[in-house]
Each structure stands twice: as structure tokens, then as C-alpha cells.
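Here is a relaxed walk through one protein model, with a ligand in place. Keep the structure open beside the text and click along as you read.

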Amino acid sequence: MTAQLIDGVALSRQIRAEVAQRAAALTARGRKPGLAVILVGDDPASAVYVRNKVKACEEHGLHSVLEKYDASLPEAELLARIAALNNDPGIHGILVQMPLPKHINPQKVIEAISTHKDVDGYSVLSAGETMTGLPGFRPCTPYGCMKLIESTGVPIKGKHAVVIGRSNTVGKPMALLLLQANATVTVCHSATADIGRFTREADIVVVAVGRRNVLTADMVKPGAVVVDVGMNRNDEGKLCGDVDFAGVKEVAGWITPVPGGVGPMTITMLLVNTVEAAERM
Ligand code: NAP
């Protein structure tokens, strides 16, 4: 069997076209959606991420502000900047790029962002909204994974879903979103003995670990939907995921590639959350 590809680039393009329409409608009403992106320090990977986020805003009719600060920025000054953006009517979403320099407490910074503007969905309140199913902002990566799974047309209700990884930003919210969609959910992590025991029973597997070959063909139920969140480098230095793609695609029914699967969806869902924030205000 050869799995069908779940094309994150094509799905992103479709969702981004809808985002652009919603942004244009808001702009016509005098409320152009605005995203503020804050970068502290000079981490090269973070610089690329924020550039891509700002570029995506510009390409889809959103207003964006990129604020760059030296790594020595005092925590109090960052908090004051966030407070000012919380009160800025032209800004509907605020994103502080992680990681932050060691002298800044990341949770304190996240909690300083107004809940109405927490488009990353990382605050404790947003996490609670995700857990309880209340309206709010879902973290962009798991939110994008849900869209990818839904795009297959495979019903989630009643299925067994396994999430490998339990980070606060990906694994845990992913499990909650699948649970909310009426899957029966198992979460595996670094202390799980014999992960294959669980994944072999799974109709849906989402892998978010950050290590190559966490999921191999012998661990997958024939026909399963496999979503690969991981971003790693292979021996040739090329981007690859956590899934042994060559092997697993022969067993799974559906699979996301890396690159071109989850990656483009993360920024897409950030745009969706920002437009939604502007629509709610
Ligand atoms: P993270 O915070 O490091 O969490 C990794 C999780 O994997 C932890 O829960 C850890 O378990 C678990 N784990 C580690 N080794 C394991 C093993 N051998 N078997 C099973 N579980 C294991 O990472 P993250 O932020 O969730 O990100 C995960 C991956 O997704 C990374 O490669 C990251 O770059 C990628 N990512 C991609 C996107 C995108 O847009 N494409 C977005 C976010 C993240 P413990 O909790 O027990 O330590």
C-alpha cells in the first residue's frame, strides 16, 4: 500500500485565501487585522521564523509590526511593551518569539499578553479554553494538524488516536483537540514503554518528539493517518521529520511529508487566529 499525501502546502494556500478575504472585509470596515511580533536577541532560527510570519501577514492583507530588541532587554521593559500593545487598537494579535534570553521568565511574558490577543494560544487561560472547549485561541501547530487530519475526510469520531510527545505547545493541546473531536486518545512520551504497542492499534498517529525515526513501518496499523510534526536534519543535512517516511508511507493510508506538511500550516493558523481576534473585537 502507498499512502496518500496530506498536502500542507495546498491546504495552507486554500485557508490563506479565506484569511485574505476575511482580512479584506475587516479592512473595508476600518479594522485591518494587525499582528505584533516581538523578537528579543539574535537567535538565527528565530529571526527566520519571525520574518516568515511578518511576510505571511503582508501577503494576505494583514498589518504587521516586527519589534526587535537586543538580548539584554530587561524583562520589565518587555512587559511594558506588551502592556502598550495590549492597549493598541490597531494590534489584534501579539506574539513573542521563543526562546527568550535566560534572564526573562517566558511564562510571565506569555501571561502578560491580553487573552484577547494571545494568538499563539500559549497562556494558561488559553490552555484552559482549549481543555474545556470554550472559544479561544488554539495553539497554531496542533490546530493546523487538526485541519490536516480533517482534510483527509477520515472521520475522527470513535477512532483511536495516539499522540507521541506531550509538550505544552504541541503534544498536550493536540491530544485535547483530538479528544474534543471524539477520538479515544493515548499520549505517549519519553517514559512510555513500547510505544509500538499503542501505535499499532491507532487509526490516527501524531508524532511531535524532535527525533528521527520515532515511528517506523512496523509500528503502524495499515491505513492509519500519520501526521509528522517533527523537524530534524538527516545525515545529508536535509530537513526531515520524526517519522521514517519511506517505510511508513508503504503501510499508512495517509501521511504528511516533511517539509510540506505541518510546517506551512503553523503560520497559516497564526493568520487565522489573528483575523479571528480582529473579528471578535
Ligand atoms: P519538546 O518540547 O522537546 O517535546 C518533545 C516531547 O517528545 C516530550 O514530551 C518528550 O517526552 C517526548 N519524547 C522525547 N523523546 C522521546 C522518545 N524517545 N519517545 C517518545 N517521546 C519522546 O518538543 P515540541 O516543541 O513539542 O516539538 C516537537 C517537534 O516538533 C520538534 O522537532 C519541533 O521542532 C517540531 N515542531 C514543529 C513545528 C512546525 O511548525 N512544523 C512546530 C512546533 C514544533 P517527555 O515529556 O517525557 O520529556
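Helices and strands here are DSSP runs numbered from the N terminus, a helix being at least four residues and a strand at least two. With that numbering, Pro99 falls in the loop between strand 4 (93-96) and helix 4 (106-112). One thing to keep in mind throughout is that this is a predicted model.

**Backbone oddities**

Start with that proline. The peptide bond joining Met98 and Pro99 is cis, with omega about 0°. A second cis bond links Val258 to Pro259, again with omega about 0°. Pro259 sits in the loop between strand 11 (254-255) and helix 10. Then there's Asn182, in the loop between helix 7 and strand 6. Its phi is near 70°, a positive value in a residue that isn't glycine. Why mention these spots at all? Because most peptide bonds are trans, and most residues other than glycine have a negative phi.

**How the helices pack**

Three helix pairs are worth a look, and the basic geometry goes like this:

| Helix pair | Angle | Axis distance |
|---|---|---|
| Helix 1 (residues 8-28) and helix 10 (residues 262-280) | about 20° | 9 Å |
| Helix 6 (residues 140-151) and helix 10 | about 110° | 8 Å |
| Helix 5 (residues 124-132) and helix 7 (residues 171-180) | roughly 30° | within 8 Å |

Take helix 1 and helix 10. Their angle of about 20° is under the 35 degrees that counts as roughly parallel, so helix 1 and helix 10 run roughly parallel to each other. The crossing is left-handed. On the helix 1 side, the residues in contact include Leu11, Ile15, Arg16, Val19, Arg22 and Leu26. Helix 10 answers with a list that includes Met265, Met269, Leu271, Val275, Glu276 and Glu279. Sorted by class, this contact has 14 nonpolar, 3 polar and 4 charged residues.

Helix 10 also meets helix 6. Here the angle is about 110°, and 65 to 115 degrees counts as roughly perpendicular, so helix 6 and helix 10 are roughly perpendicular to each other. From helix 6 come Cys140, Thr141, Tyr143, Gly144, Cys145, Lys147 and Leu148. They meet Val262, Met265, Thr266, Met269, Leu270, Val272 and Asn273 in helix 10. This contact has 9 nonpolar, 4 polar and 1 charged residues. Met265 and Met269 of helix 10 take part in the contact with helix 1 and also in the one with helix 6.

The last pair is helix 5 and helix 7, which cross at roughly 30°. That makes helix 5 roughly parallel to helix 7. Thr130, Met131 and Thr132 of helix 5 touch Pro173, Leu176, Leu177 and Gln180 of helix 7. How do the residues of this contact of helix 5 with helix 7 divide into nonpolar, polar and charged? They come out as 4 nonpolar, 3 polar and no charged.

**Around the ligand**

How many residues surround the ligand? There are 20, and the closest are Arg166, Ser167, Ser190, Met231 and Thr266. Thr266 is also one of the helix 10 residues that meet helix 6. As for polar partners, the side chain of Ser167 has an N or O atom 2.5 Å from a ligand oxygen. For the side chain of Arg166, the corresponding distance is 2.7 Å. Met231 takes part through its backbone, where a polar atom is 3.0 Å from an oxygen of the ligand.

**A threonine in strand 6**

Finally, zoom in on Thr186, which belongs to strand 6 (residues 184-188). Its side chain makes a polar contact with the side chain of His160, at 2.8 Å. Leaving aside neighbours within four places in sequence, Thr186 is in contact with His160, Ala161, Val162, Val163 and Phe198.

Terms used: Residues are numbered from 1 along each chain as its sequence is written. This is a predicted model: local features need pLDDT of at least 70, side-chain atom pairs count only at pLDDT 80 or more; totals for chains, interfaces and linings use all residues. Side-chain values use heavy atoms; hydrogens and water are left out. Axes are lines fitted to C-alpha atoms, for helices over the stretch in contact, and angles run from 0 to 180 degrees between N-to-C directions. Angles under 35 degrees count as roughly parallel, over 145 as roughly antiparallel, 65 to 115 as roughly perpendicular and the rest as oblique. A crossing is left-handed if the near helix is turned anticlockwise from the far one by less than a right angle, and right-handed if clockwise. Contact means heavy atoms within 4.5 Å. Ala, Val, Leu, Ile, Met, Phe, Trp, Tyr, Cys and Pro count as nonpolar, Asp, Glu, Lys and Arg as charged, and the others, Gly among them, as polar. A residue is near a molecule or strand if one of its heavy atoms lies within 4 Å of it. A polar contact is a pair of N or O atoms within 3.5 Å; within protein, one must be able to donate a hydrogen and the other to accept it, and residues adjacent in sequence count only if both atoms are side-chain atoms.
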